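Here are some exercises to work through with the sequence and the 3D view side by side. Try each task before you read its solution.

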Number of protein chains: 2
Amino acid sequence: MEIMSILLCLMFLFFTVVTDAMHLPQGSYHPLSLRQNKRASKTKPELPFHFRTRYFPQNLDHFSFQPESYRIFHQKYLISSHFWRKGGPIFVYTGNEADIEWFASNTGFMLDIAPKFQALVVFIEHRFYGESKPQMLAKTMGYLNSQQALADYAILIRSLKQNLSSEASPVVVFGGSYGGMLAAWFRLKYPHIAIGALASSAPILQFDKMAPSSSFYDTVSQDFKDVSVNCFEVIKRSWGELEAFLTIKDGKQKLSKKFRTCKDLQSLASASLWLESAFVDTAMVNYPTAANFMAPLPAYPVEQMCKIIDGFPLGASSNLERAFAAASLYYNYSGSEICFDMENQTDPHGLAFWGWQACTEMVMPMSSSNQSMFPPFENDDEGEQELCMLAYGVKSRPHWITTEFGGQRIEMVLKRFGSNIIFSNGMQDPWSRGGVLKNISNSIIALVTKKGAHHTDLRAATKYDPEWLKEQRRQEVAIIEKWINEYYSDLRQEEQD
Amino acid sequence: MEIMSILLCLMFLFFTVVTDAMHLPQGSYHPLSLRQNKRASKTKPELPFHFRTRYFPQNLDHFSFQPESYRIFHQKYLISSHFWRKGGPIFVYTGNEADIEWFASNTGFMLDIAPKFQALVVFIEHRFYGESKPQMLAKTMGYLNSQQALADYAILIRSLKQNLSSEASPVVVFGGSYGGMLAAWFRLKYPHIAIGALASSAPILQFDKMAPSSSFYDTVSQDFKDVSVNCFEVIKRSWGELEAFLTIKDGKQKLSKKFRTCKDLQSLASASLWLESAFVDTAMVNYPTAANFMAPLPAYPVEQMCKIIDGFPLGASSNLERAFAAASLYYNYSGSEICFDMENQTDPHGLAFWGWQACTEMVMPMSSSNQSMFPPFENDDEGEQELCMLAYGVKSRPHWITTEFGGQRIEMVLKRFGSNIIFSNGMQDPWSRGGVLKNISNSIIALVTKKGAHHTDLRAATKYDPEWLKEQRRQEVAIIEKWINEYYSDLRQEEQD
């Protein structure tokens, strides 16, 4: 299976969840944008009672003055002043590519630490996701991008502070994954609005071949290999067995039966992607405690998957059967699914437009090397760009992110410029290799945990949290506290001058 | 005379130089955008033989992916590799609101210091000025703004370095006036592309009432008062005498004769503006040596104007006659003008589109206080915005510049963030009060000269330069040298790691 078939397959999958006007392929892989577990759709995120929902009238386009720039859309945000002392800090989550409730309910860290800081807590939804959609989507999609989103946040935060008569309150931005990129970039581009950023699992170096394109799949594979070499080998061998169904009579029907699909498979690629997604996403959410971010899962689910694979009696089952059993953990941890609807996955959090972003600016080259447990494929920029042109009629700008936000020689640049950013990464996370993993300066800090997964640190604390996670969060709190104290001290001094 | 009449008058003046589709008032005053001396149009800028002219295909819109975003315009730039050692530094002038040759021929400093640094020298023209105009101007004007211009520079510089196989060359940006704002903002927004910026006479604090709105006219007035209180008083009294022509029979014809206009005046406001421009512009270019930036003028032209005023025999002439004689120095230093075409001023450097910028984002509040030698007027944001709506059908965004680029509490923000910017200002310059006049950190430096005018330091050295100017340039060279040495040292260290 190579990239083209993955993409075509994804296009197919997503056609069911988007409007006719939007033909949405997936240009690049992204944690929160590729695959959705049907189970997750059934669990509605719960937010504390003290959150209020607000809508802010936002210009469609901040960077030009064309007549259509002035079109208004209503940007949703969630706000809690439950712990706030007026004049105290404001913690803002820079929303990413889904409805904001989903991120709010999976970023408990901000609420956990709000009482200590007597902070206002705000979660801002990213334009074009959730309820924050302009009208005439098909005609306005071009305004969906990271720079416009950052400007949205700048304008909304400034207005909010003014309305609250708290212009001098320090703002700290938080974000995970693409939201983490936005948080880091926000601090870099709008230092006059945010005094610091906690950018968790932000693969800002995944662009323009700064990180090896194979690092994503290599890391997933390593996660499994670290648990069990046999587990890794079984999964690695399963793809060939799956492909063999192509060559046998009634292969699709036979595989459908084996994989307990609700309807007969239209394409074997769907089954392949279904399997792959289970392993990739489980590696991403390989949290040390039971959690329900992309799907309800037990603690350290990669270990659990390998236990399933390694637990089969020797020689009793094929590699594919074992791989299927392991993947079922991801899709059916509760055991209540009777069948799997592999070709009709839902999109409960509204991630579909990420396809557009991946086709325009968020171009993250991907490949699978011989070292990975997935079928190997080369990075194919041109193929992806052709697909994007086909699907959206849009030309990718693969070098734009590094032109606008930098990344090359990042240590050299940022050790002489900028301050107050935490880049946190868990090395279990497939995206970690695209992150900043070394301290750049005294105040641009990399916090790396060996056992962390995709923005583990942003999750609410639980009584089962391991010591390394508690320690990581303690460090984050201490650093944020330093920023805030420094800010108030500077403010007092300025007022005396 | 208050702001509305000035604006209406400007609208009238500029109607002659722009297309019918563009109705261009002047929203705010700006040094390089308001007034043009006809004399200046006759002197074609001369550039050294070793400059080459190039054109770069640039996207119309960097911040959205709409179909029209991909329209190409050709951005002009001038390049000289005469002094360049390959791999050496690249000095880039971030062009402002006129044709690039004009700035290149008035920014000799960059060429003066290029041999010492073995630097490549590049002057990039600002979009929508000079030859760098997109097609269908009336429909694309919305893409004329500072953020798009900065992105143009980022893309062009990156491409240029790649084409020259000099990706590791350090880039230093230079700019004066609005070009100086762009240079400073470029360093702040694109630190991965420019290692430092010399921002000369950049009034980045003239927005959103950070600097007093009266500071511009107050400074012009102080310049004249410092030379001679009588000179100041004569000019201050002249406006009333001019206005009196409104009330007398055949006043316009009589004033036309007095002011030696080529045709009878349509409006007294034109004469008033003509006078005012002479004093304002002369204060801006009150250089210590003879120069020809906005008009050919002797050294310290404010002194010369006041000599003319003070030289009249006591009681022999009216204040208005004296003011007219002084203004004639600006418009007719060579003495070759037979008459003055006050209502049909030319625009030889193509400044007209500044009106659009002043109506959209470059909103700099202006007023004239009782302390000034000009007729007093209040700042009238609403009036200006109405005029902008009338003229362009565009809504101003008066708070956008401070949202996008900051400015409020700039010392607090930038002492903890950013590096390597020189803000140079001459206190004779009316724009100086909107500049950064105090050191912010070890590497964000304010160089202030008491006798300097509008970006005096950027001009080519002459043998008549005073010691303070030589010293200012020495400091600038030393600072830039430090940036470059530090960069190469960092680069060597990075390569060793």
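Helices (H or I, at least four residues) and strands (E, at least two) are DSSP runs, numbered from the N terminus. This is a predicted model, where local features need pLDDT of at least 70, side-chain atom pairs count only at pLDDT 80 or more, and totals for chains, interfaces and linings use all residues. Residues are numbered from 1 along each chain as its sequence is written, chains are lettered from A and ligands numbered from 1 in the order in which they are written, and side-chain values use heavy atoms, with hydrogens and water left out.

**Exercise 1. Place one residue**

Find the helix that holds E411(A), then decide how exposed E411(A) is.

Step 1. E411(A) belongs to helix α17 of chain A, residues 410-414.

Step 2. Buried means under 20% relative accessible area, exposed over 50%, and partly exposed in between (1.4 Å probe, protein chains only). E411(A) has 38% relative accessibility, so it counts as partly exposed.

Step 3. Now look for its partners, taking contact as heavy atoms within 4.5 Å. Setting aside neighbours within four places in sequence, E411(A) touches K438(A) and I440(A). V436(A) is 25 residues away along the chain, and its C-alpha atom is 9.1 Å from that of E411(A).

**Exercise 2. Judge a helix**

How many of the ten residues of helix α4 of chain A are buried?

Step 1. The buried residues in α4(A) are G108(A), F109(A), M110(A), L111(A), I113(A), A114(A) and F117(A).

Step 2. That is seven of the ten in residues 108-117, so the helix is largely enclosed by the rest of the structure.

Step 3. Ask what does the covering: the elements include β3 (90-94), α3 (100-105), β4 (120-124) and α18 (467-496) of chain A.

Step 4. Just after α4(A) comes Q118(A), which has a positive phi near 50°.

**Exercise 3. Read the ring pairs**

Classify the pair formed by Y217(B) and F377(B), and say which parts of chain B the pair ties together.

Step 1. Rings of Phe, Tyr and Trp (its six-membered ring) pair if their centres lie within 6.5 Å; planes under 30 degrees apart count as stacked, over 60 as edge-to-face and the rest as tilted. The count is 64 aromatic pairs over all chains.

Step 2. In this pair the ring centres are 5.8 Å apart and the planes stand at 80°, so it is edge-to-face.

Step 3. Y217(B) is in helix α8 (residues 215-227) and F377(B) in the loop between α14 (354-360) and α15 (381-392), so the pair joins parts of chain B 160 residues apart in sequence.

Step 4. Y217(B) is buried, at 0% relative accessible area, and F377(B) is buried too, at 7%.

Step 5. For practice, take F224(B) and F279(B): 5.7 Å between centres and 85° between planes, again edge-to-face. Because F224(B) lies in α8 and F279(B) in helix α11 (residues 268-284), this pair ties together parts of chain B 55 residues apart in sequence. Both rings' residues are buried.

Step 6. In chain A, ring pairs link a cluster that includes F216(A), Y217(A), W239(A) and W431(A).

**Exercise 4. Find a charge over a ring**

Which ring has K225(B) over its face?

Step 1. A charge sits over a ring if NZ of Lys or CZ of Arg is within 6 Å of the ring centre and within 35 degrees of the ring normal.

Step 2. K225(B) lies over F232(B), 4.6 Å from the ring centre. In chain A, K116(A) lies over the face of F117(A), at 5.7 Å.
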